[in-house]
Amino acid sequence: MKVLLIGGTGTLSSDTTQLCINRGFDVYLINRGHKNTYKGSNVHYLIGDINQFDSAWKTLKDESFDVVVDYLVYTLETLKKHLAILKNRARQYIFISSATVYPIQDGVVKEGDTIGNDGWVYAKNKRFCEEYLRKNAKDLTFQYTIVRPYITYDRKRIPFPIISKKSCWNLLYRISNGYPILMPGDGNQKVTLTSTIDFAVGIVGLFMNQDAYGEDFNIVGDSVATWNEVVGVIEKKLGKKANIVYVETEKLADKLPVLAGEIIYDKANSHFFNNEKIKRIVPEFRTTLDVETGIGRTVDYLMSSKEIQIVDEYWNAFENVLCNKYGEIGCKVSLKQRWQYFKAQSKLAIRVKKALKIDN
């Protein structure tokens, strides 16, 4: 099987890429020549910019693929560009959407439920992309499949509601050194957490699977935990009690406007997702890592990998200022950090925008 992974070196995609390699697929990755992460005779790097039509068209030349998995579409405009580039080049196109397209609701969410979580631009744009694929299915030159992951984690990412986009290790740094951390609400929101190792099995099982054509899938595991329980796993691994500052959701969103949509319409709420459909279509999909084991492994990896232990000074300035404002435990804030806080208002917005690749 010949597979093109667009954005195949990110957090969500890395374990999927490795599974494809392990299964002997002909794996193609397109980038600008900066990341040659994977090794093997069945790994091929295509140098080009998928978001630049001329560059991507030249790079792909006469290539065609059985499956294309697209992790790098965050707006309808980008989707249209990618579909044009991939015209007559694929048999199946898998669009990575998000389970955040569902509106906040009580109970277990399943495929077929109404989508439309429009308070957060990220989720809104994903919905637009899903609707475009369905509406224009007859005009596509390939079959499409929609995949909706929720909160995932791998060895480098800690699932947490308020965390530096630059360095997950920074959360461990703050807890280890006794610095306070922010929590929206009371921290008892229950969320579904999925290891990217398990996610990979689910999505690869959809490759060239006729039961997946024109369908959407919640690829989420069975593990559910509160944010306080996630902190508990970290505390146990570090042997250090976390100083948590609980802040009302609306107040926190007001002070972090660039993250307001994500906080209010996602991280501050409980979410449960039905995964019976993916289990039925891909019987080998299951949850192999519980929260304590999976996140525990992540903590171990981050604490043992010096090269990724980055202190995010701007994020620390944010947390220190806000924890000092809302916390009773107290947090010394220097004049430098207060200055960084104001400077970071714009810098953080740029960083988050880049991390999410939202271009509107």
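**Close-up 1. A cavity inside the predicted model.** How many cavities of 30 Å³ or more does the count come to in this predicted model? The count comes to one. The volume of the largest cavity is about 70 Å³. To find its walls, look for two stretches of the chain: Ala99, Thr100, Tyr102, Pro103, Ile104, Gln105, Gly107 and Val109 are among the lining residues, and so are Ser270, His271, Phe272 and Phe273. Sorted by class, this lining has seven nonpolar and five polar residues, with no charged ones. If you wonder how empty space is found at all, rolling a probe the size of a water molecule over the atoms shows where some is left.

**Close-up 2. Helix α1 meets helix α6.** Here you can follow α1, residues 14-22, as it packs with α6, residues 196-204. Their axes lie 8 Å apart, at an angle of about 55°. The two helices are therefore oblique to each other. The crossing in which α1 passes α6 is right-handed. Which residues of α1 make the contact? They are Asp15, Thr16, Leu19 and Cys20. Across from them, α6 brings in Thr196, Ile197, Phe199, Ala200, Val201, Ile203 and Val204. Taken by class, the residues of this contact are eight nonpolar, two polar and one charged.

**Close-up 3. Helix α3 meets helix α4.** Now turn to α3, residues 76-85, and its packing with α4, residues 121-135. The angle is about 40°, and the axes are 9 Å apart. Why are α3 and α4 called oblique to each other? Angles from 35 up to 65 degrees are among those that count as oblique, so this pair belongs there. On the α3 side you will find Leu76, Leu79, Lys80 and Leu83, which meet Phe128, Cys129, Tyr132 and Leu133 of α4. The contact of α3 with α4 has seven nonpolar residues, one charged and no polar ones.

Notes:
Residues are numbered from 1 along each chain as its sequence is written. This is a predicted model: local features need pLDDT of at least 70, side-chain atom pairs count only at pLDDT 80 or more; totals for chains, interfaces and linings use all residues. Side-chain values use heavy atoms; hydrogens and water are left out. Axes are lines fitted to C-alpha atoms, for helices over the stretch in contact, and angles run from 0 to 180 degrees between N-to-C directions. Helices (H or I, at least four residues) and strands (E, at least two) are DSSP runs, numbered from the N terminus. Angles under 35 degrees count as roughly parallel, over 145 as roughly antiparallel, 65 to 115 as roughly perpendicular and the rest as oblique. A crossing is left-handed if the near helix is turned anticlockwise from the far one by less than a right angle, and right-handed if clockwise. Contact means heavy atoms within 4.5 Å. Ala, Val, Leu, Ile, Met, Phe, Trp, Tyr, Cys and Pro count as nonpolar, Asp, Glu, Lys and Arg as charged, and the others, Gly among them, as polar. On a 1 Å grid over the protein atoms alone, a cavity is a set of points where a 1.4 Å probe fits but cannot get out, and a pocket is an open set with protein on both sides within 12 Å along at least five of seven lines; lining residues have an atom within 4 Å of a point. Grid points are joined across faces, edges and corners, and a volume is the space filled by probe spheres set on the points.
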